[in-house]
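Please look over the sequence and the model below, and then read on for a description of how the chain is arranged.

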Amino acid sequence: MKLGINVSAAKYQANSIHRNADQLRGVKTKLNGFLQNVNHGWKADEITYINAAVSKINSEISRLSSELDSVGSDIVSTAYEIKREEEARERARLERLERLREMKQAD
């Protein structure tokens with residue numbers, strides 16, 4: 001017997017990816033807290049460059065965390081799709097076997 005897709009393992013992997021996305025969002029939150037402290041305590045001209053750099057990093061973190069969430073969801077939906085295909089193939093195989101048995105009994 002052939003082993004099929006392990007949907008539970010796929011869900012586990014997807015959850016791991018979702019946790020990574022959550023960790024990235026946590027980094028973004030900490031980075032914003034750091035930026036607030038810097039803006040509050042530092043009034044130099046360079047703060048404009050720091051704000052721009054952190055804004056760019058925040059945008060990238062948002063994009064990456066969204067992409068990770070999407071990949072995690074895709075993993076689960078693909079695993080279920082593969083499982084349905086495997087089940088359909090197995091049903092078709094069993095139906096062919098049943099037809100062969102019926103043909104042999106008719107002879």
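In this predicted model, the protein chain has two helices and zero strands. The radius of gyration of the protein chain is 26 Å, well over the 13 Å that the globule rule gives for 107 residues, so the chain is more spread out than a compact globule. In keeping with this topic, the C-alpha atoms of the protein chain fill a box of roughly 95 × 15 × 15 Å when the box is taken along the principal axes.

The table gathers some values for the whole chain.

| Property of the protein chain | Value |
|---|---|
| Exposed area | about 8400 Å² |
| Share of the exposed area supplied by carbon and sulfur atoms | 56% |
| Buried residues among the 107 residues | 14% |
| Share joining residues at least 24 apart, among contacts between residues at least 6 apart in sequence | 80% |

How far apart are the end C-alpha atoms of helix α1? Helix α1 covers residues 7–41, and because each of its 35 residues is counted at 1.5 Å, the helix should span 51 Å, which agrees with the 51 Å between its end C-alpha atoms. At the N-terminal end of α1, N6 acts as a cap, with a side-chain oxygen that lies 3.1 Å from the backbone nitrogen of S8.

Which residues of α1 are buried? They are V7, A10, A14, I17, A21, L31, L35 and V38, and the buried residues of α1 pack against α2, the helix that covers residues 47–106.

Methods. Residues numbered from 1 in each chain as written. Predicted model: local features only at pLDDT ≥ 70, side-chain atom pairs only at ≥ 80, totals over all residues. Heavy atoms only, no water. Helix = DSSP H or I, 4+ residues; strand = E, 2+ residues; numbered from the N terminus. Expected span 1.5 Å × (residues − 1). Buried < 20%, exposed > 50% of the residue type's maximum accessible area, 1.4 Å probe, protein only. Contact = heavy atoms within 4.5 Å. Polar contact = N/O pair within 3.5 Å; in protein donor to acceptor, adjacent residues only side chain to side chain. Rg over C-alpha atoms; globule rule 2.2 N^0.38 Å. Areas by Shrake-Rupley, 256 points an atom, 1.4 Å probe, with all protein chains shown as cover.
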